[in-house]
Amino acid sequence: MTETQNGTMPAVAFRRSLPIDDPESLLDVELPVPQPGPRDLLVRVEAVAVNPVDYKVRRNSDPGGEPKVLGWDAAGTVVAVGDEVELFEVGDEVYYAGALNRPGANSRFHVVDERLVGRKPATLSFTEAAALPLTSLTAWEGLFERLGLRGDALGQTGTLLVTAAAGGVGSIAVQLARALTGLTVIGTASRPETVEFARRMGAHHIVDHRGPLAKQLAEVAPGGVDYVFSTIGTDRNLTAYAEALTPFGAVVAIDDHDSLDIGVLKPKSISFHWELMFTHSLFPTPRQVDQHRILDRVARLVDAGVLTTTAGRDLGLVNAANLREAHRILESGTAIGKLTLTGF
């Protein structure tokens, strides 16, 4: 009898929306092993990473007592495939972020549409690979699809601001911009350790996002900023962006707001874009498979030594206690790079 035929598997879930210091905010549970649909892979999960989306879903949704599994970053091995799968075979090592409207990957086995999955970088461990999918997809789509940058134009000039350059998305956006464009990259960071990390990721200049942003940007980029990748603080920084950006510049934002005063962008005809890497799966688009291609491209760049994993601290086994600690750290805003968990 194979492991997937045993019927159940360990997982971590929540049943009610509770503060993370409540021992029942995340629970160890046993759930049925899921079965793959026609385009699905069944993956034996070896490692996961934790993102702000995890605690946002936990805090803002209530599953009414039913176990809801979080986790939208995983790496593992394909153990079964659906009847219509074309891109992968049993035994393939993969990494992916998955879909927000399906169960997450904080479970021993997980099903995911193959079009959202990439081949794991061969030079990385499962843990190192698990840190990359969600942030890589967000950074790639934000830079090359929303802002319209060209990923093969090292002669491309201009200036890019990336906020929270030591965070998960920011640290990948900085790396991609440095590796694939000729832009001058300015990152924001506020602590010595985050400043050092952002510089290591490739930022040419660092400014303090706790200080007057427009003034600092004028000092390091007197000709103005052409693009902004806003990962945090879009609402409080929008006026500063408008002041620093050149006419016809562009902003892409990934943080959450009920409203934004984007009227400040009109005088310079600055364009504003949202980026959510889950859009392709929430509203199944014909271009879902683009995420497979992006992850494969990122894997090749990693294996070529062009990009590096942003895995930071590994918190141990995938269990409720360790995931509660991961949520607590993320909610405190003190994480550098990505938090990972390995094994069950």
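# Pockets, strands and burial: a Q&A

Trainee: Which residues are buried in α1?

Mentor: Buried means under 20% relative accessible area, exposed means over 50% and partly exposed lies in between, with a 1.4 Å probe and protein chains only. Helices are DSSP runs of H or I with at least four residues, strands are runs of E with at least two, and both are numbered from the N terminus. By that reckoning, the buried residues in α1 are Val 53, Asp 54, Tyr 55, Val 57 and Arg 58.

Trainee: Before we go on, what kind of model is this?

Mentor: Residues are numbered from 1 along each chain as its sequence is written, and side-chain values use heavy atoms, with hydrogens and water left out. Local features need pLDDT of at least 70, side-chain atom pairs count only at pLDDT 80 or more, and totals for chains, interfaces and linings use all residues, since the model is predicted.

Trainee: Good to know! What covers the buried residues of α1?

Mentor: Here we look for contact, meaning heavy atoms within 4.5 Å. Both strands and helices take part, and the cover includes β1, β3, β4, α3 and α10.

Trainee: Which element supplies the largest share of the lining of the largest pocket?

Mentor: On a 1 Å grid over the protein atoms alone, a cavity is a set of points where a 1.4 Å probe fits but cannot get out, a pocket is an open set with protein on both sides within 12 Å along at least five of seven lines, and lining residues have an atom within 4 Å of a point. The largest pocket has 49 lining residues, with Pro 52, Lys 56, Thr 231, Ile 232 and Ile 254 nearest its centre. At least two lining residues come from each of α1 (52-60), α3 (133-146), α4 (168-180), α7 (234-244), α10 (320-332) and β16 (338-342). The largest share is five residues, and it comes from α1.

Trainee: What volume does the largest pocket have?

Mentor: Its lining has 23 nonpolar, 16 polar and ten charged residues, where Ala, Val, Leu, Ile, Met, Phe, Trp, Tyr, Cys and Pro count as nonpolar, Asp, Glu, Lys and Arg as charged, and the others, Gly among them, as polar. For the volume, grid points are joined across faces, edges and corners, and the space filled by probe spheres set on the points is taken. For the largest pocket this gives about 1300 Å³.

Trainee: And which element gives the most to the lining of the second largest pocket?

Mentor: The second largest pocket, of about 200 Å³, is lined by 14 residues, with Met 9, Leu 31, Val 69, Pro 103 and Gly 104 nearest its centre. Two or more residues come from each of β2 (27-32), β4 (68-69) and β7 (109-113). By class, the lining divides into nine nonpolar, three polar and two charged residues. With three residues, the element that gives the most is β7.

Trainee: Which residue in β7 stands opposite Asp 40?

Mentor: β7 has both faces covered, with Phe 109, Val 111 and Asp 113 buried on one side and His 110 and Val 112 on the other. Strands pair if DSSP finds at least two bridges between them, and five bridges join β3 (residues 40-50) to β7 in an antiparallel arrangement. Opposite Asp 40 stands Asp 113.

Trainee: Why is one side of β2 and of β4 left without a neighbour in the sheet?

Mentor: The open sheet has three strands in the order β2-β1-β4, with antiparallel pairing. β2 and β4 stand at the edges, so each has a single partner strand.

Trainee: How many residues of α3 are buried?

Mentor: α3 reaches 18 Å from its first C-alpha to its last, close to the 20 Å expected at 1.5 Å a residue, the expected span being 1.5 Å times one less than the number of residues. The helix is mostly covered, and among its buried residues are Trp 140, Glu 141 and Phe 144. Of its 14 residues, the buried ones number twelve.

Trainee: Ala 164 has a positive phi although it is not a glycine; is Ala 164 buried or exposed?

Mentor: Its phi is about 50 degrees, and its place is in the loop between β9 (159-162) and α4. At 15% relative accessibility, Ala 164 counts as buried.
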